[in-house]
Amino acid sequence: MPWDVLIFYLIAAVCVLSAAGVVVARNPVHSAIFLVLCFVNIAATFVMMGAEFLAVVQVIVYTGAILVLVLFVLMLVNPDDLPEFHAARPVQRYVGLLLGAILLLEVGAAIVTRSVSGEQGTATPDNIAAVGGNTQALGRVLYSDYLLAFEVVSLVLLVGVVGAIVLALPERLGERPSVARRGSISLSHPRGVDAALPEGRPAGETLIPTRHSTSPTRASGAVATGNDREVSAGPTPTGVVRDLVMTRDADAFGHMGDKR
Amino acid sequence: MPLDLNLETPDLWLALPQFIVFGLAIALLFGDAFVARTRHFVWLTGLSLVGYLAALVALVGQANENATTFYGLFRADGLTVFLSVIILSAAVLTVMVSASYVERLEGRMPIGEFYVLLAFSVLGAMLVAAAGDLVMVFVGIELSSLATYVLAAFAKRRLTSVEGALKYFLLGIFASAILAYGMAWVYGVTGSTDLDAIARSLAASVGGDEFLDPALLLGLLLLTVGLGFKMAAVPFHFWTPDAYDGAPTPVTAFMSVVPKAAAFAATVRIFVQALGPLRDEWVTLLSVLALLTMAFGNIVAISQRNVKRMLAYSSIAHTGYMLVGLAAYQATGGTGFGAGAGDGDQGVSSLLYYILAYNFMNIGAFAVVTWLQHRGRGLTLDDFGGLATTHPLAAAAMAVFMVSLMGVPPLIGFYAKYYVILAAIDADLLWLAVAVVVLSAVSAFYYLRLVAVMYFNEPEGQPRQADTRLLDVGIAGMVIATIALGLFSTPIIDLADKWESALTVAGQVAGR
């Protein structure tokens, strides 16, 4: 067996095992570190295929930037606030395993029996060598043939920035949600995050009272946070806790707001 | 020479409507930053409406265009024009429905960012409609989806909004990954991402009765799953009720039309234009999906007491009707219903007409729900009780939309179903045509129940006064469109028939 095949199988085995580790590990930090290992091995396979630019991008962007970010977030978030990852019902687990096995079989069959092959593309080794290498070839294609797609991807990033600002920016400086948003996202919860709501309340809008919201209008359930961005004069004190409207039932919110 | 720099300038005029929407989005960003907050409502709403209408006018100039630019990534043809008209009119209607809601309800959401995200989502959907390459399809869907995820979470104080958006986001990116994987397989088998080149390659290699290559079949299945998620077809619909229920109502109206139109645009581009030679395989797949989707959506909608959830399941059912149109695709020349049409394909024309019809009646239904929320009503069936007594015009509008969604002549919803059924019968899918009729009869139960509640129950409580002029105009416009576009459906179906120009290359090469 030639050396490169042996090395490929070694890298591939480590890659598959570390990918399995991402899923199996109970500690999210361990998952992230397994993911680093997986990505580095993928970068190694890229190098073996002669795509050295992709390999470097893989290391810089995925391992360097994204996974460090993931680790940062994991360090900042209280582990107790993380949703329970292994809470799925047995049925879901078995159906998931079954579907995964079917997909694996299909992929295997597709690889083993591959017969249809279209016209060869222009990115042959000779052509790549003619323009000076992988990076140059990729750059030429990216800024000519796929120029429009490249520009639209930059719009996707812009939308990501705008969306992050919209969702994360508090309406006033220094305020923060008064209730930790906990609970797991599960398809078996048909509506609402019941875990975060106090038990025994009637269905409908429930205003969680906070230290700073003692005015009678707020206590009566009205949402007075509507247009006080203009009303509040001067700098708002830091550490103000914002009221979070908790509705058990989306139907109920029709009665709120519109208090000009 | 291969890999040479391709330096000829693209024909930017072909993409004029898309550039106008892009310019609108950037102008809205600057307007949000530099216009005083108190003037946002008037200025940015006006700017959005003018921008979308200008793009619509620019589209008129392209009605007979059939060209490719940006080195094959962008197509300006009949399909692009028709879908862009649907998407832009949905955008105009969404602006009219959402303006006062975003400004006043749910703790006053930031209206500038709302319009910016709306414009980007519209732009993404238009780019999918105009895509000539798998890469563009994917990137356009991502642009459209990402903006819609944020819009779904826009009422961020309400946990149901955040939860619905999170489910939408997680399942949506999962579906995107599956879609990309399917595209990778198709690229691997055919050696190109260009839709026409894929069709050419498949026409050369696929044929006869031999067993279909598993790699191609796998790509086809993965693409179906990915696109099924985006269009909310059963069994990939799990995010739909929660996301539709949680999102602010105008966003739900938008979500039920524009991402769906984008998903169907992608499906027509990929399946009909690129994978046309595999028609026999995907038609079977889509007809099963269509039956499941129609049956599930209609039956589950019956048990819903929350009007928004009911409309969410109804939108799943309507996805099923649209899929019937696509499943009725016949790979023969001379498409359409209009004058000069042969005995060829009617499926895609009927699908396009259905999306247009669905646009007006569904946004209309959500618009009336929004209208009532302004007046202090909730979202359950009981909140609609006695609407005919307190607000006779709103009740009449809602009744028109409900009856149209049900498919009663002479409203637009009837003609949409009529064309879909004609196409299905023509494609020898009689069982699907029967299913459409039977399940429309089932849907009558929950649509008419709402009408009955509005007209026969007693109103409870005092309605609040609210000034929603733009919304009133929008609802009136949609009522007129629902009635008029049904009565004068011939020119529209003629326009829809022009989608065939998208097939000029693929159709000739496939030799069908």
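Modeller: Let's start with one cut-off: a residue is called buried under 20% relative accessible area and exposed over 50%. Keep in mind, too, that this is a predicted model.

Biologist: Thanks! Is B:Asp428 buried or exposed?

Modeller: B:Asp428 has 68% relative accessibility, so B:Asp428 counts as exposed. The residue sits in the loop between H16 and H17 of chain B. Its phi is near 60°, which is a positive value in a residue other than glycine.

Biologist: And B:Phe70, buried or exposed?

Modeller: With 6% relative accessibility, B:Phe70 counts as buried, because the cut-off is under 20%. B:Phe70 also has a positive phi, near 55°, and is not a glycine. Its loop runs between strand E1 (67–69) and strand E2 (74–76) of chain B.

Biologist: Let's turn to peptide bonds. Which peptide bond ends at B:Pro235, and is it cis or trans?

Modeller: Look at omega. From B:Val234 to B:Pro235 the bond is cis, with omega near 0°. You will find B:Pro235 in the loop between H8 and helix H9 (239–246) of chain B. A cis bond also joins B:Pro409 and B:Pro410, where omega is about 5°; B:Pro410 belongs to the loop between H15 and H16 of chain B.

Biologist: How many residues does helix H15 of chain B have, and what should they span?

Modeller: Count 1.5 Å a residue. Helix H15 (residues 392–406) of chain B has 15 residues, so it should span 21 Å, and its end C-alpha atoms are 21 Å apart, which agrees. Just after H15(B), B:Gly407 takes a positive phi of about 100°.

Biologist: How many residues of H15(B) are buried?

Modeller: The count is 11 of 15, so that the helix is mostly covered by the under 20% cut-off. Among the buried ones are B:Ala394, B:Met398, B:Phe401 and B:Met406. Their cover includes helix H12 (307–327), helix H16 (412–426), helix H17 (430–456) and helix H18 (469–487) of chain B.

Biologist: Which residues touch the most other members of the largest nonpolar core?

Modeller: Of its 217 residues, they are B:Tyr52, B:Leu275, B:Trp282, B:Phe384 and B:Met402. Helix H13 (residues 347–374) of chain B gives this core its largest share, 19 residues. Take B:Leu275: leaving out residues up to four places away in sequence, it touches B:Val186, B:Ile198, B:Leu202, B:Leu220, B:Leu223, B:Ile270 and B:Trp282.

Biologist: What is B:Met231 in contact with, beyond four places in sequence?

Modeller: Its partners are B:Lys260, B:Ala263, B:Phe264, B:Thr267, B:Thr319 and B:Leu323. B:Met231 and B:Thr319 are 88 residues apart in sequence, with their C-alpha atoms 6.8 Å apart in space. B:Met231 lies in helix H8 of chain B and is buried, its relative accessible area being 3%.

Biologist: Last topic, empty space. How many cavities of 30 Å³ or more does the structure hold?

Modeller: The general idea is that a probe the size of a water molecule, rolled over the atoms, shows where empty space is left. Here there are 7 cavities of 30 Å³ or more, and the largest has a volume of about 130 Å³. It is lined by 14 residues, of which B:Ile141, B:Ser145, B:Tyr168, B:Lys230 and B:Pro259 are the closest to its centre. The lining divides into 10 nonpolar, 3 polar and 1 charged. Helix H5 (134–152), helix H6 (159–190), helix H8 (214–231) and helix H10 (249–274) of chain B each supply at least two of its residues.

Key. Residues numbered from 1 in each chain as written. Chains lettered and ligands numbered in written order. Predicted model: local features only at pLDDT ≥ 70, side-chain atom pairs only at ≥ 80, totals over all residues. Heavy atoms only, no water. 1 Å grid on protein atoms, 1.4 Å probe; cavity = no way out; pocket = protein on both sides within 12 Å on 5 of 7 lines; lining within 4 Å. Points joined across faces, edges and corners; volume = space filled by probe spheres on them. Helix = DSSP H or I, 4+ residues; strand = E, 2+ residues; numbered from the N terminus. Nonpolar A, V, L, I, M, F, W, Y, C, P; charged D, E, K, R; others polar. Core = buried A, V, L, I, M, F, W, Y, C linked by side-chain atoms within 4.5 Å. Buried < 20%, exposed > 50% of the residue type's maximum accessible area, 1.4 Å probe, protein only. Contact = heavy atoms within 4.5 Å. Expected span 1.5 Å × (residues − 1).
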